[in-house]
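User: Can you go through the aromatic contacts in this model with me? I'll keep the questions short.

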Amino acid sequence: MAPRAAAAGATGTGVKRIAVIGGGPGGLYAAALLKRLDPEREITVWERNAPEDTFGFGVVLSDETLGGIEHADPVVYRALRDAFVRWDDIDIVHRGVTQTSGGHGFAALGRRRLLRILHDRCASLGVRLRFRTGAPPAAELAATHDLVIAADGVHSLTRAAHADSFGPRLTTHRCRYIWLAADFALDAFRFETAETAYGVMQLHGYPFSADASTVIVEMREEVWRAAGFDSCAVEHSTLRCAKIFTEALGGRSLRSNNSSWLTFRTVVNAHWSHGNTVLIGDAAHTAHFSIGSGTKLAVEDALALAACIEEQPDLPRALGAYEAERRPVVESTQRAAAASLRWFEELGTYVDQPPRQFAFNLLTRSRRVTHDNLRLRDASFTAAVEEEFGCAPGVPPMFTPLRLRGLELRNRVVVSPMDMYSAADGVPGDFHLVHLGARALGGAGLVMTEMVCVSAEGRITPGCTGLYTPEQAAAWTRITDFVHASVPGTAIGVQLGHSGRKGSTKLMWEGIDQPLDHGNWPLTAASPIPYEDGVNQIPHALDRAGLDTVREQFASAARRADRCGFDLLELHCAHGYLLSGFLSPLTNHRTDEYGGPLDNRLRFPLEVFDAVRAVWPDDRPMTVRISATDWAEGGTTAEDAVEIARAFVAHGADAIDVSTGQVVPDERPEYGRSYQTPYADRIRNTLCVPVIAVGAISSWDDVNSLLLAGRADLCALARPHLYDPHWTLHAAAEQGYGGPGAPWPLPYRAGSRTPPTGRTDAPRPRLTLG
């Protein structure tokens with residue numbers, strides 16, 4: 001049925017009759033705002049529970065959210081302000097040692113108090129509150145109301161009833177948690193780790209009144225089951241949690257409130273509105289409780305929805321504007337929440353970190369708090385973390401040296417391999433000399449070549465470089481000689497690879513992954529599977545002779561790389577190229593000893609690695625780049641990546657360069673800032689091996705944060721070095737660092753400070769007298 005027509009004389013969108021499904025903070029606040037903006041509106045809130053019923057205990061709101069509330073409804077703001085408890089410190093307790101970081105600024109209140117404030121405000125404005133009453137179906141309400149606001153939470157019946165329109169995607173995660181409370185006020189936000197016989201458990205606690213604190217206990221599903229919590233009554237679980245974390249609680253008890261063990265569910269919707277029905281809060285999106293954003297997001301949704309309804313000329317445009325305004329904010333929050341959630345899921349991999357590094361890692365887990373940001377909040381804590389890491393006074397983490405075998409890198413910045421598609425017959429020319437030479441002059445500790453192909457048929461495009469002829473070797477020697485002579489102390493590494501099924505394609509700017517119009521060469525791969533069915537040619541599956549030939553091609557290229565003077569060699573086993581094609585179950589369908597289980601899929605890449613390592617000098621390091629996930633169902637998993645890395649390290653790899661994807665064309669990457677670094681983090685902290693992190697690392701603050709947190713040993717940046725060849729030197733200048741980790745070349749030293757700009761604050765000339 002069509003939605004009810006707007007009343008005559010209505011202003012704005014004409015929204016006069018509003019139904020709100022769900023009496024949580026988001027639904028109540030939306031009702032109050034919309035009624036305050038137009039007292040003539042008829043607004044009804046349906047809440048199936050009693051007014052005093054609620055789940056959970058405390059609610060944390062940010063200063064930003066409070067500022068929005070202050071401007072939108074001063075009455076609600078004053079009531080909240082009077083109820084809040086505030087504190088600045090975070091305590092991280094691990095293995096009996098407490099690390100305290102200050103300057104964070106939190107405000108919290110009890111959930112019951114928050115609901116009471118909103119109940120009172122709605123009642124004073126004339127909003128109808130129908131408690132202990134389930135709402136009619138959204139479709140029924142939509143026929144008799146101008147607007148239906150579905151604020152019915154993570155288990156939204158409205159969303160489920162109209163799933164075809166909203167397009168929900170629900171993801172259940174790997175930890176169990178329970179909301180409890182303690183009848184005393186913690187003096188800080190407290191994170192405490194308990195290493196039990198069953199596995200690692202985690203407490204999250206914070207005060208929400210002068211005499212009460214929220215306490216959340218969380219652990220992996222397998223730990224929860226091993227501890228027997230799956231068969232415990234809630235009362236017994238509560239007693240056991242109090243005993244496990246008796247030090248944090250000072251021996252006090254815990255209490256529950258309709259509590260149960262839960263698994264967190266991330267909610268994402270393709271669309272937030274359907275006709276005149278709109279989702280807000282947890283019905284539309286969820287963010288893990290470890291960044292405290294559920295109520296915050298719901299309240300901000302309500303603010304934005306009310307504003308858009310007032311500002312837009314009709315309801316469809318208002319709902320579109322609301323989603324357009326909120327979705328980027330929500331997606332950013334969900335990315336941060338996902339990083340935080342994964343950190344706690346992988347908590348067991350971090351417990352052996354040094355105490356301060358563990359604390360720093362926890363504080364920066366969501367990537368919203370960074371090294372520079374934390375230094376502003378608490379300079380003494382950050383300085384202590386830097387000292388534990390090994391930073392000399394005044395030296396940023398990124399400018400501390402790192403040794404791999406006989407090679408000492410003077411800083412932790414790597415110019416990531418970037419295909420330039422600018423060679424002729426595999427020979428690097430003047431372009432490559434200038435390109436790589438400029439990045440070497442720019443201060444990076446290690447400059448990597450693009451993927452250098454081990455044979456003509458192993459090229460990706462006709463413009464790819466190679467190392468299979470004397471002419472190519474001579475051209476590469478010219479480049480390494482320039483780097484070593486002009487920028488002493490800068491290392492240059494070569495990445496060796498073979499295109500496999502992704503070869504014989506056009507230059508990137510002519511059509512990425514598209515076959516050549518003419519002059520194609522035959523392809524070889526693990527299995528006869530084209531990269532894109534119906535587009536790329538079907539490769540020939542390598543037989544025994546072919547495997548032997550390719551292995552020797554890699555070894556021959558490595559010998560030439562040695563004679564060229566490269567300081568480091570990387571074996572390219574990522575991005576769907578030949579060796580990566582053996583590793584992924586999506587591209588390796590072999591039935592011989594090189595296919596099937598992971599140990600078999602690893603066999604040929606390891607044979608190649610061994611052949612290269614045998615001819616590469618012992619004192620020079622060798623790394624391996626892998627795709628830690630295929631971003632596709634049935635492909636390489638994060639768990640597989642750990643085992644792949646373990647195998648290469650056992651064969652002598654000095655570091656693992658952890659990339660992701662580009663293996664199959666239908667991948668679905670989860671893009672975002674530093675989005676690939678969790679995979680490097682997991683490998684490093686599971687295997688205790690050096691890793692190179694890549695993937696949308698764009699700022700020196702990100703680099704410092706990743707290093708200090710122990711998530712990476714080196715950070716490889718690609719696009720930032722295309723934008724600014726002197727990225728590392730500029731990072732040093734911006735941090736006020738001028739030491740040996742980033743020396744300016746003598747001819748450039750005069751430019752080592754930011755050039756002055758025209759003044760805009762000069763005194764104005766006097767043009768009149770008195």
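User: W87 and Y206, buried or exposed?
Analyst: In this predicted model, W87 and Y206 are both buried.

User: How many aromatic pairs are there by the count?
Analyst: The count comes to 25 aromatic pairs. One of them is W87 with Y206, a stacked pair with 6.4 Å from centre to centre and 10 degrees between the planes.

User: Where do those two sit in the chain?
Analyst: W87 is in strand β4, residues 85–87, and Y206 is in strand β12, residues 199–209. The two residues are 119 residues apart, so the pair links distant parts of the chain.

User: And F189 with Y206, why is that pair called tilted?
Analyst: The planes of F189 and Y206 are at 35 degrees, so the pair counts as tilted; stacked would need under 30 degrees and edge-to-face over 60. The ring centres are 5.3 Å apart.

User: What does the F189 and Y206 pair tie together?
Analyst: Parts that are 17 residues apart in sequence, because F189 lies in strand β11 (residues 189–196) and Y206 in strand β12. F189 and Y206 are both buried.

User: Which residues form the aromatic cluster?
Analyst: W87, F106, F189, F191, Y206, W343, F344, Y350 and F358 form one cluster.

User: Switching to charges. Which ring does the charged end of R459 sit over?
Analyst: The ring of W521, with the charged end 4.6 Å from the ring centre.

User: And R620?
Analyst: The charged end of R620 sits over the ring of W616, at 5.2 Å from its centre.

Technical notes. Residues numbered from 1 in each chain as written. Predicted model: local features only at pLDDT ≥ 70, side-chain atom pairs only at ≥ 80, totals over all residues. Heavy atoms only, no water. Phe/Tyr/Trp six-rings, centres within 6.5 Å; stacked < 30°, edge-to-face > 60°. Helix = DSSP H or I, 4+ residues; strand = E, 2+ residues; numbered from the N terminus. Buried < 20%, exposed > 50% of the residue type's maximum accessible area, 1.4 Å probe, protein only. Lys NZ or Arg CZ within 6 Å of the ring centre and 35° of its normal.
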